[in-house]
Amino acid sequence: VNQFIKGISIFLGCFLSVRKGKGLVKGVLIGSLFTVISYLLFALIGGTLSFGFPFVVDLIFGCITGGLAGILVMAIKK
């Protein structure tokens, strides 16, 4: 459920911010930025900050989701 909510959030971020050109690059940047900000925010709330394997998996998922969303948004907006 958590990954699904993150995926939808990243897709909406791409849909609202990617205008024209380089959808893949912009999507990866949006996905990674969202992942880092949300990870830091929840680490502050939870009181633990650990950049271990779960963070790397989340970052990879965010980049892949953002890249796919950027490509999809570019195809939809054309």
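These questions and answers concern side-chain contacts in a predicted model.

Trainee: Is Thr35 buried or exposed?
Mentor: Thr35 is found in helix 2, residues 23-46. Buried means under 20% relative accessible area. Thr35 has 4% relative accessibility, so this residue counts as buried.

Trainee: Which backbone oxygen does the side chain of Thr35 reach?
Mentor: A polar contact needs a pair of N or O atoms within 3.5 Å. The side chain of Thr35 has such a partner at 2.7 Å, the backbone oxygen of Gly31.

Trainee: Which residues does Thr35 touch, not counting those up to four places away in sequence?
Mentor: Gly31 is not in this list, as residues up to four places away are not counted. What remains is Ile10, Asp58, Leu59 and Gly62.

Trainee: Which side chain meets that of Asp58 in a salt bridge?
Mentor: The structure holds one salt bridge. Its partners link distant parts of the chain, 52 residues apart, with Asp58 in helix 3 (residues 53-77) and the other residue in helix 1 (residues 2-17). Both partners are buried. The N to O distance is 2.9 Å, and the partner of Asp58 is Lys6.

Trainee: How is the aromatic pair of Tyr39 and Phe55 classed?
Mentor: One aromatic pair is found in a search of the whole structure. Tyr39 in helix 2 and Phe55 in helix 3 lie 16 residues apart in the chain, and both are buried. Planes under 30 degrees apart count as stacked and over 60 as edge-to-face. For Tyr39 and Phe55 the centres are 4.7 Å apart and the planes make 55°, and the pair is tilted.

Note on methods:
Residues numbered from 1 in each chain as written. Predicted model: local features only at pLDDT ≥ 70, side-chain atom pairs only at ≥ 80, totals over all residues. Heavy atoms only, no water. Helix = DSSP H or I, 4+ residues; strand = E, 2+ residues; numbered from the N terminus. Buried < 20%, exposed > 50% of the residue type's maximum accessible area, 1.4 Å probe, protein only. Polar contact = N/O pair within 3.5 Å; in protein donor to acceptor, adjacent residues only side chain to side chain. Contact = heavy atoms within 4.5 Å. Salt bridge = Lys/Arg side-chain N within 4 Å of Asp/Glu carboxyl O. Phe/Tyr/Trp six-rings, centres within 6.5 Å; stacked < 30°, edge-to-face > 60°.
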